[in-house]
Amino acid sequence: MRKILCIGAGYVGGPTMAVIAKHCPQYEVRVVDMNADRIAAWNSDQLPIYEPGLKDVIDIARGRNLFFLTDETIAEQIDWADIIFVSVNTPTKAFGLGAGRAADLQFWEKTARQILQHATSPKIIIEKSTLPVRTAEAMSHILNTNSIGVQFDVLSNPEFLAEGSAIRDLEEPDRVLIGGHNTPSGQRAIETIVELYANWVPREKIITTNLWSSELSKLVANAFLAQRISSINAISALCEKTEADVEEVAFAIGTDKRIGPHFLRASVGFGGSCFKKDILNLVYICEQQGLPEVAEYWQQVLKMNEYQGARFVANMVHSMFNSLSGKRIALFGAAFKANTSDTRESPALVVCRELLEERADVILCDPHALENARQDLDEQAEKVNFVADPYQAAKGAHAIAILTEWAYFANLDYHQIYNSMAHPAFIFDGRNILDHQALFKLGFNVYPIGKAPLQHFNHGRT
Ligand code: UDX
Ligand code: ADP
């Protein structure tokens with residue numbers, strides 16, 4: 001029986017281990033986290049993250065061959081395991097060299113040292129967190145310069161799941177990527193992990209590469225995805241100035257097989273824990289390698305994303321007669337995308353903060369993400385009203401802004417909402433999920449992304 005340990009029970013570690021345990025009943029999977037509240041939640045019916053389908057997988061495996069444990073016993077767990085996944089957080093460095101750009105590896109390094117301290121038998125160590133290229137090499141050095149004579153094989157196995165569809169992505173991945181050293185023991189370690197995934201993933205979808213290619217591929221995949229969004233968002237700005245409709249343009253270009261239809265939804269901007277962090281990381285690596293032009297190229301993807309959020313707020317201010325001070329504004333959505341409770345780098349919170357600067361009276365509404373939003377907003381949270389019911393949130397509001405594409409927001413009774421609002425009523429659809437013509441007919445002034453606004457009065461706009 002294989003003994004698998006995962007260190008870090010977050011958005012990646014929790015769902016990934018649950019799916020491994022579900023498909024590999026012959027293996028035992030233990031997940032530890034230093035956050036005892038998180039572990040308690042994983043052991044309860046109120047899982048710490050909202051993710052469609054996750055509860056069903058947990059119900060199958062938890063207590064059978066999947067166990068969530070606090071890190072009090074980490075020494076014992078490390079020694080017990082023969083495969084250790086490291087899935088701890090790697091935020092952007094907040095201080096020192098590379099602050100604001102490089103990855104902060106303190107959690108990863110701490111974990112490596114814990115492994116070194118407690119292991120007495122050979123282990124395969126798998127990097128699951130997204131890390132700067134060559135981190136695995138550094139870890140390999142830390143681990144293998146030991147005097148205890150224990151062999152560690154360090155592999156990179158980046159996770160490509162997207163939140164909100166994590167279970168589907170894990171069950172049917174486009175590919176599984178495993179990078180390792182081209183040495184006999186490195187290759188044996190790769191084969192062990194290939195066999196693990198082959199329990200449910202077709203072999204041809206399991207790609208093996210060298211360590212650095214695997215690490216870099218994760219950063220590059222995220223950079224390319226984010227770049228598509230910034231590209232279509234840049235075009236959305238042009239569409240708003242002309243008579244083109246960004247959805248029509250996206251559809252027309254997406255039919256070209258070389259471009260493809262996915263990830264072309266213009267929006268208020270991308271968020272999430274990965275895109276910004278990984279691009280900053282890529283930019284930093286390029287600069288370190290003496291490639292300023294390459295660094296600048298990718299930096300622009302982030303600049304465009306910031307511009308898109310700023311443009312959205314500027315449009316609100318301008319459309320609502322250049323002042324939001326004291327106006328009640330209902331923000332529909334706090335999560336960085338639909339079907340998750342995660343608010344990390346959420347464009348909704350960017351907009352929320354800017355509206356507070358404008359001294360608007362902000363009501364934040366979301367079906368699953370209000371608690372995380374409250375924490376992320378920190379001391380600004382006290383200036384915000386958190387309301388789970390959209391009808392309540394919109395009551396008396398001068399404007400609504402759609403910031404997360406929850407399907408639920410598209411299916412509300414906007415007639416009732418319109419009647420309960422202050423007039424003229426404005427709606428800013430930062431995700432293009434609403435029926436704009438229908439809203440206009442109800443009396444709303446409607447401002448989509450990348451399309452001409454529908455206004456009941458002439459605003460002097462060009
Ligand atoms: C991303 C990658 O997709 C995933 O492969 C990687 O493992 C982690 O980072 P995630 O951040 O969870 O996943 O969600 P994703 O679906 O990529 O969305 C990221 C952001 O882009 C969200 O804010 C989303 O709303 C936005 N987005 C996405 C758009 O604005 N337009 C689109 O067309 C697609
Ligand atoms: P991700 O989105 O990458 O999964 P999260 O922040 O959701 O990131 O999860 C990372 C988890 O790793 C957190 O729950 C954190 O408490 C845990 N963690 C970080 N360092 C350690 C450590 N040394 N030992 C155990 N758990 C750790």
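**Two ligands, two domains, one chain**

I will start with ligand 2, where the surrounding shell divides by class into eight nonpolar, nine polar and four charged residues. That makes 21 residues around ligand 2, and those that come nearest are G8, G10, Y11, V12 and V88. Before going on, please note that this is a predicted model.

Which helix gives the most to the shell around ligand 2? It is α5, with three residues. Strand β2, residues 28-33, and helix α5, residues 106-118, each supply at least two residues of that shell.

Next, the domains. The protein chain is divided into domain 1, residues 3-201, and domain 2, residues 210-462. Their centres, taken over C-alpha atoms, are separated by 32 Å. Domain 1 puts 30 residues into the contact, and domain 2 puts in 27 residues. On the side of domain 1 that touches domain 2, α6 (135-144) and β7 (176-180) each supply at least two residues. Strand β7 gives the most there, with four residues. By class, that side of domain 1 has 15 nonpolar, ten polar and five charged residues.

Now ligand 1. Where does ligand 1 lie with respect to the domains? It lies between them, because domain 1 and domain 2 both give residues to the shell around it. There are 19 residues around ligand 1, and R265, S267, F270, G272 and C274 come nearest. Helix α9, residues 211-241, provides the largest share of this shell, three residues. The classes here are eleven nonpolar, four polar and four charged residues.

On to the nonpolar cores. The largest has 74 residues, and I329, A330, L331, V351, C352, A399 and A401 touch the most other members. Helix α11, residues 275-288, gives the most to this core, with seven residues. Take I329 as an example: leaving aside neighbours within four places in sequence, its contacts include L324, L355, V362, I363, A399 and A401. D361 and H398 are also among the contacts of I329. A second, separate core has 57 residues, among them A21, A61, V88 and L177. V88 has come up already, as one of the residues that come nearest to ligand 2.

A21 is also in helix α1, where it is buried. How many of the eleven residues of α1 (13-23) are buried? Eleven are, and the helix is described as mostly covered. The buried residues of α1 include K22 and H23.

Last, the sheet. Six strands form an open sheet in the order β11-β10-β9-β12-β13-β14, with parallel pairing. β11 (385-386) and β14 (445-447) are at the edges with a single partner strand each, so one side of each has no neighbour in the sheet. Strands β9 (328-332) and β10 (361-365) pair in the parallel sense over five bridges. There, R328 has D361 in β10 as its bridge partner.

Further along, β12 (399-402) is joined to β13 by four bridges, and the two run parallel. I400 stands opposite I427 in β13. Three bridges join β13 to β14, again running parallel, and the bridge partner of F426 in β14 is N445.

Which way do the residues of β13 (426-429) point? F426 and F428 point one way, I427 and D429 the other, and all are buried. As a general matter, side chains in a regular strand alternate between the two faces of the sheet.

Conventions. Residues numbered from 1 in each chain as written. Chains lettered and ligands numbered in written order. Predicted model: local features only at pLDDT ≥ 70, side-chain atom pairs only at ≥ 80, totals over all residues. Near = placed C-beta within 6 Å. Nonpolar A, V, L, I, M, F, W, Y, C, P; charged D, E, K, R; others polar. Domains from an automatic or database assignment. Core = buried A, V, L, I, M, F, W, Y, C linked by C-beta atoms within 7 Å. Buried ≥ 20, exposed ≤ 12 C-beta atoms within 10 Å, placed from the backbone. Contact = placed C-beta atoms within 7 Å. Pairing = 2+ DSSP bridges.
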